[in-house]
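Subject: Structure for your review

Dear colleague,

Please find the structure below, as agreed for the handover. My findings follow directly after it.

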Amino acid sequence: MNAAAATLVPFDHQQSAHCESGVISSLLRHNGLDISEPMAFGISAGLGYAYLPFLKFGGLPLFAYRMPPGWIIRGLTKRLGVEMHMQTFREPAEGTRALDRNLAAGRAVGIQTSAYWLSYFPPDMRFHFNAHNLVVYGKRDDQYLISDPVIDILVECEAGALQKARFTRGVLAPKGLLYYPSRMPAKPDLRSAARKGILFTTGMMMHVPVPIIGTRGVRLVARKIRKLDPRQEAHNKLLLGHIVRMQEEIGTGGAGFRFLYASFLQEAAVLLDKPSLGALADRLTDVGDEWRRFALHAAKMCKGRMDMDYGMLADQLMHCAAGEESIYRELRAEVK
Amino acid sequence: MKKDEVPQQNAKAFMGHSKLLYAVDEQGRYTPAPCNGWEAEEIVLDQAIAEYVRLASDAWRRATAGEASTLEYHMFKQRMDLVLLAQSTGFFKWRVRRDLRPGAFQKLSGRRRERYGDALGLLPSQLDILPEQP
């Protein structure tokens, strides 16, 4: 048999802040459309905020700083007119064969996986999250060659582990999802796409008529933190720690994606020829810094390096909500 | 955040890797900026892992004493809980809860054991075994 068989598609690895925006922007660049990660994130309207008390993780509610998994790929490709081939599989072995066929055809593909079973992830970073995204660009013997957008270097994963990671069950089960652009647009309209993305995000953050979404959601969480029962400190610490992890660690480039979006606004200011967007980006940076201070204070309070002060944390979140609301209002008026 | 203010606190969980942030340079322009660790993230990550370790050691003690099945230990050891284990096996929560009791677990059929093993990344035979230490 051909034991040393290796297939390899030359692929330009660029580390990203977030897996989904990272994979889709690098796949589009690979297929000839030069687009940055922040641009992919902004156009797809990836930014968000939601407090979802009915979805529990380890008994704690979900705090999301972005739209649900899959949103960025769908939103970006729709607004740019990219046709995507997306395929899921019932049988794990069939999913692996399809991956091998694509690599043999010289195609780098994106896949969805669980983060827990990827052997190259540092053990302390491995949690059961089923919507991680990465690019497979080759195979050498029993190892897949992987460009994982959140890792700083190219990595490899053993075939059995990758198949397991692609076919975990449960919420957001990847079902072996494999995708690649099947048709690129001749002249994508980035300006109109960026405008539409901004209109969607600002509308979503300000005008969704439920109290758990957008800046209203931030305020609701602030009020919940203010009202935490000091006698339940052990539980409160787990909750605060969980909030900070969702904000800073679970697939974010910091401050719950606010820096990533501010970076998009800077690019959009040039693209749309609207310098005012640059000023709004600066203000969003300031709000992002406030999110980071909130995270640092909350973490220190959990660890006992600062006195627990729910009121202070609540004030900081209220400050973030107010800051973001005024930014989104002006931003919406600018591009309307 | 300014690029030179990006924390570089060498988190042990990153094992020498860096993650990527976006930060502003001296001209106020956003640029990709690696970060090899930050106190806030490290605290909350340690806290989350410590909670799983606490649950696993607790389950280990009870399983050793015969008060819980070895399945409960393996569930927490693999950073799962009842809800997650039910979702990843496709079993109802009440059935998983029942299998966490020692009596019910011993009567488990081969197929069910396989499903648990599959979800936890273990051979069905390994489900019965407890390590010397939690």
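In this predicted model, strand S5 (residues 109-113) of chain A is joined by five bridges to strand S6 (residues 132-140) of chain A, and the two run antiparallel. Within that pairing, A:Ile111 has A:Leu134 of S6(A) as its bridge partner. S5(A) is also joined to strand S9 (residues 178-183) of chain A, by two bridges, again in an antiparallel arrangement. Here A:Gly110 stands opposite A:Tyr179 of S9(A).

How enclosed is strand S5 of chain A by the rest of the structure? Five of its five residues are buried, so the strand is largely enclosed. A:Val109, A:Ile111 and A:Thr113 point one way from S5(A), while A:Gly110 and A:Gln112 point the other way; residues on both sides are buried.

A second site to inspect is A:Met67. This residue lies in the loop that links strand S3 (60-66) to helix H3 (71-80) of chain A. A:Met67 counts as buried because 22 other C-beta atoms lie within 10 Å, and the cut-off for a buried residue is 20 or more. Leaving aside residues up to four places away in sequence, A:Met67 touches A:Ala45, A:Gly46 and A:Gly48. Its C-alpha atom is separated by 8.3 Å from that of A:Ala50, a residue 17 residues apart from A:Met67 along the chain.

Turning to the nonpolar interior, the largest core has 111 residues, and those touching the most other members are A:Val136, A:Tyr261, A:Leu265, A:Ala298, A:Ala299 and A:Leu317. Helix H10 (residues 276-303) of chain A supplies the largest share of this core, 13 residues. Apart from this core lies another, of 16 residues, which include B:Ala63, B:Met75, B:Met80 and B:Val96. As for A:Ala298, its contacts beyond four places in sequence are A:Leu240, A:Ile243, A:Val244 and A:Leu313.

Finally, some overall values for chain A. The chain has 11 helices and nine strands, and 49% of its 336 residues are buried. Its C-alpha atoms fill a box of roughly 65 × 50 × 30 Å along the principal axes. The radius of gyration of chain A is 21 Å, which agrees with the value near 20 Å for a compact globule of 336 residues. Of the contacts in chain A between residues at least 6 apart in sequence, 70% join residues at least 24 apart.

Yours sincerely

Technical notes: Residues are numbered from 1 along each chain as its sequence is written. Chains are lettered from A and ligands numbered from 1 in the order in which they are written. This is a predicted model: local features need pLDDT of at least 70, side-chain atom pairs count only at pLDDT 80 or more; totals for chains, interfaces and linings use all residues. Helices (H or I, at least four residues) and strands (E, at least two) are DSSP runs, numbered from the N terminus. A residue is buried if 20 or more other C-beta atoms lie within 10 Å of its own, exposed if 12 or fewer, and partly exposed in between; C-beta atoms are placed from the backbone. Two residues are in contact if their C-beta atoms, placed from the backbone, lie within 7 Å. Two strands pair if DSSP finds at least two bridges between them. A nonpolar core is a set of buried Ala, Val, Leu, Ile, Met, Phe, Trp, Tyr and Cys residues joined through C-beta atoms within 7 Å. The radius of gyration is taken over C-alpha atoms; the globule rule is 2.2 Å times the number of residues to the power 0.38.
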